[in-house]
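Biologist: Please give me a close look at the salt bridges of this model, and then set them in the context of the rest of the chain.

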Amino acid sequence: MVALEEQTVAGVRLEFFVIYFAKSKMTLRVPTSKATNTGMRHLSDPGSIQHIRRILGQPPHKGRGNWPRLAQQYEIKINSGDIVAIAEVMRDLHRRANSPDQSYAERRLYTAAVDRLSEEVALVSGMTEEEAGKELESLMTAEARRSA
């Protein structure tokens, strides 16, 4: 969050959370009274970050069903904002770099999950997003080596 701001909208004085997203260069204003309804939540605690690290160290689960249905489920998990669900998507879609069997849609969903998760881990752990992303991916690479 960048700031709290008051504005008059349709003659009513409202207080807003003002949030700036540097990556997309977007500013979001959310009425404080609607924050919970819009899905805003507090930043994760260090214990939650440790939990997602454990999830990423587990073997991937093979999804059941056809790809369009799985892709929709992954998209819902990513957009939920639940870091555990996002970690599960990242774990389940992880492939070795440049894997020929990974489709464009899989790479797009995987990248979205990595971006969301590394942003949160970086903020909680006091590191850059790039460092967080590398650490998270290394957890899955280590798991792949153990199960090979």
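Modeller: A salt bridge is taken here as a side-chain nitrogen of Lys or Arg that lies within 4 Å of a carboxyl oxygen of Asp or Glu. Side chains of opposite charge can pair when their charged atoms come close. The model is a predicted one, and by this rule it holds eight salt bridges.

One of them joins E130 and K134, whose closest N and O atoms are 3.2 Å apart. Both residues belong to helix α5, where a spacing of four residues places them about one turn of the helix from each other, and both E130 and K134 are exposed.

Helix α5 also takes part in a second pair, in which the side chains of E135 and R53 meet with an N to O distance of 2.5 Å. This salt bridge links distant parts of the chain, since E135 sits in α5 (residues 129–147) and R53 in helix α1 (residues 46–56), 82 residues apart. With a relative accessible area of 17%, R53 is buried because the cut-off for that class is under 20%, whereas E135, at 21%, counts as partly exposed.

A third pair is formed by D92 and R91, whose side chains meet at 2.8 Å, N to O. Here D92 is buried at 10% relative accessible area, and R91 is buried as well, at 4%.

As for the setting, the chain has five helices and three strands, which follow one another from the N terminus as β-β-β-α-α-α-α-α. Buried residues account for 29% of its 148 residues, and the C-alpha atoms fill a box of roughly 65 × 35 × 25 Å along the principal axes.

Charged residues also appear around the largest pocket, which has a volume of about 1,400 Å³. Of its 31 lining residues, those closest to the centre are I19, F21, R41, E119 and E120, and the whole lining divides into 17 nonpolar, seven polar and seven charged residues. Helix α4 gives the largest share of this lining, six residues.

F21 appears again in a nonpolar surface patch of about 240 Å², which it makes with M26 and L28. L28 has its place in strand β3 and is partly exposed, with a relative accessible area of 33%; L28 can therefore belong to the patch in this respect, because its 33% is over the 30% that patch residues need.

Note on methods. Residues numbered from 1 in each chain as written. Predicted model: local features only at pLDDT ≥ 70, side-chain atom pairs only at ≥ 80, totals over all residues. Heavy atoms only, no water. 1 Å grid on protein atoms, 1.4 Å probe; cavity = no way out; pocket = protein on both sides within 12 Å on 5 of 7 lines; lining within 4 Å. Points joined across faces, edges and corners; volume = space filled by probe spheres on them. Helix = DSSP H or I, 4+ residues; strand = E, 2+ residues; numbered from the N terminus. Nonpolar A, V, L, I, M, F, W, Y, C, P; charged D, E, K, R; others polar. Patch = residues over 30% accessible without salt bridge, like charges linked within 9 Å, V, L, I, M, F, W, Y side chains within 5 Å. Areas by Shrake-Rupley, 256 points an atom, 1.4 Å probe, with all protein chains shown as cover. Buried < 20%, exposed > 50% of the residue type's maximum accessible area, 1.4 Å probe, protein only.
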